[in-house]
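Colleague: Could you walk me through one part of this model in some detail? I'd like to begin with a single residue and then see what surrounds it.

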Amino acid sequence: MKCPFDADYPILQHRLFAGSSAPMATPTPAAESKRVELSATDIVKRLETLAPASDLVWVHDAAMSWEDPALKANPDAAVAFVFDEPALRAEPWAYHRLAFVLEGLEDLFEHLPNPTKLVLVGDPVEQLAVLANALGASTVHLSEHPNPTVLETTIQLRKSRRVVVHSRPGFAEYPLEPKRFSRYGELVAPQVLGYPSNTRAGSEH
């Protein structure tokens with residue numbers, strides 16, 4: 001049986017949100033003419049008034065949390081999120097996903113103590129390298145994730161500077177291969193919830 005979600009984002013948006021009036025993330029000609037390109041020179045100009053930073057934390061879309069280990073370990077570092085423009089042009093996000101990420105970033109940045117927090121658009125490797133050079137940052141920090149883009153960006157950044165990948169805490173410990181997710185949930189519930197999954201307040205099973 002074919003997976004109903006095996007399609008690109010514009011097709012899935014049409015299937016799942018056919019009644020929505022929200023536009024696709026693909027820019028219209030008018031929006032395209034107003035889009036701001038951030039070149040290396042542009043970034044340097046924007047950073048002229050910012051304090052130097054020896055460390056830069058890259059927050060990628062697979063690690064947007066106040067509890068993110070790279071952020072928690074570097075409360076004084078500069079922080080940057082980069083919208084991967086080449087990837088977005090090849091496979092545009094639906095409006096709903098873009099709005100979700102932007103709202104998440106706004107909430108995250110509002111609660112971070114870090115003095116410098118930036119959102120950039122472009123190729124992640126290029127943008128992060130230029131930003132690190134402009135700040136004088138010798139080290140880029142990020143949280144580990146198996147996402148291929150995260151892995152490849154990390155490899156490319158390591159060609160020009162020190163990169164520290166912070167381990168993410170495990171959700172639960174379970175050495176055996178679970179046969180069913182429901183069974184897995186029952187076995188790890190005491191670690192995750194603090195009580196067995198079949199326990200209900202005020203009742204016994």
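Leaving aside its neighbours within four places in sequence, which residues is Pro124 in contact with?

Modeller: Happy to. Please keep in mind that this is a predicted model. Once neighbours within four places in sequence are set aside, Pro124 is in contact with Val82, Asp84 and Thr153. Pro124 belongs to helix α7, and its relative accessible area is 4%, under the 20% cut-off, so Pro124 counts as buried. There is a long-range relation here too: the C-alpha atoms of Pro124 and His60 are 9.5 Å apart, although 64 residues separate the two in sequence.

Two of those contacts lead on to Trp58. With residues up to four places away in sequence not counted, Trp58 touches Val82 and Thr153, and also Ala80, Leu128, Val140, His141, Leu142 and Val150. Apart from the core that Trp58 belongs to lies another one, of 14 residues, with Val57, Ala77, Phe109 and Leu112 among them.

Now for the core around Trp58. It is the largest nonpolar core and has 18 residues; those that touch the most other members are Leu56, Trp58, Leu128, Leu131, Leu135 and Val140. At least two residues each come from β1 (55–58), β2 (78–84), β3 (117–122), α7 (124–135), β4 (139–143) and α8 (148–157). Of these, α7 contributes the most, namely four residues. As a general remark, nonpolar side chains in soluble globular proteins tend to be buried together.

Further along α7 we find Ala132, which is buried, with a relative accessible area of 1%. Its contacts, apart from neighbours within four places in sequence, are Leu56, Ala137 and Arg161. Leu56 is one of the core residues with the most partners in that core. Ala132 also has a distant relation: Ala78 lies 54 residues away in sequence, yet the C-alpha atoms of the two are 9.0 Å apart.

Back to β2, where an aromatic group deserves a look. The count of aromatic pairs comes to two. In one of them, Phe81 and Phe83 meet edge-to-face, with 4.9 Å from centre to centre and 70° between the planes. Both of these residues are buried. The other joins Phe83 to Trp93: the centres are 6.1 Å apart and the planes stand at 70°, over the 60 degrees required, so this pair is edge-to-face as well. Phe83 sits in strand β2 and Trp93 in the loop between α5 (85–90) and α6 (95–111), so the pair ties together parts 10 residues apart in sequence. The relative accessible area of Phe83 is 8%, while that of Trp93 is 10%, and Trp93 therefore counts as buried. Phe81, Phe83 and Trp93 make up one aromatic cluster.

Next, α5 itself carries a salt bridge, between the side chains of Arg89 and Glu85, at 3.5 Å from N to O. The two residues are four apart in this helix, so about one helical turn separates them. Arg89 is partly exposed, at 48% relative accessibility, whereas Glu85 is buried, at 14%.

The whole structure holds four salt bridges. Another of them joins Glu67 to Lys72, with the closest N and O atoms 2.9 Å apart, and both partners are exposed. Then there is Arg168 with Asp68, whose side chains meet at 3.0 Å, N to O. This pair links distant parts of the chain, with Arg168 in the loop between β5 (162–166) and α9 and Asp68 in the loop between β1 and α4 (69–72), 100 residues apart. Here Arg168 is partly exposed, at 32% relative accessibility, while Asp68 is buried, at 2%.

Finally, a step back to the whole chain. It contains nine helices and five strands, which follow one another as α-α-α-β-α-β-α-α-β-α-β-α-β-α. Of its 205 residues, 32% count as buried. Taking contacts between residues at least 6 apart in sequence, 65% join residues at least 24 apart; the pairing of Pro124 with Val82 is one example of a contact across the sequence. The exposed area is about 13100 Å², with 57% of it supplied by carbon and sulfur atoms. On the outside, Val192, Leu193 and Tyr195 make a nonpolar surface patch of about 260 Å². Leu193 belongs to the segment after α9 (181–192) and is partly exposed, with a relative accessible area of 47%.

Technical notes
Residues are numbered from 1 along each chain as its sequence is written. This is a predicted model: local features need pLDDT of at least 70, side-chain atom pairs count only at pLDDT 80 or more; totals for chains, interfaces and linings use all residues. Side-chain values use heavy atoms; hydrogens and water are left out. A nonpolar core is a set of buried Ala, Val, Leu, Ile, Met, Phe, Trp, Tyr and Cys residues joined through side-chain atoms within 4.5 Å. Buried means under 20% relative accessible area, exposed over 50%, partly exposed in between (1.4 Å probe, protein chains only). Contact means heavy atoms within 4.5 Å. Rings of Phe, Tyr and Trp (its six-membered ring) pair if their centres lie within 6.5 Å; planes under 30 degrees apart count as stacked, over 60 as edge-to-face and the rest as tilted. Accessible areas come from the Shrake-Rupley method with a 1.4 Å probe; for residues, only the protein chains shown count as cover. Patches are made of residues with over 30% relative accessible area and no salt bridge: like charges are joined within 9 Å, nonpolar side chains (Val, Leu, Ile, Met, Phe, Trp, Tyr) within 5 Å.
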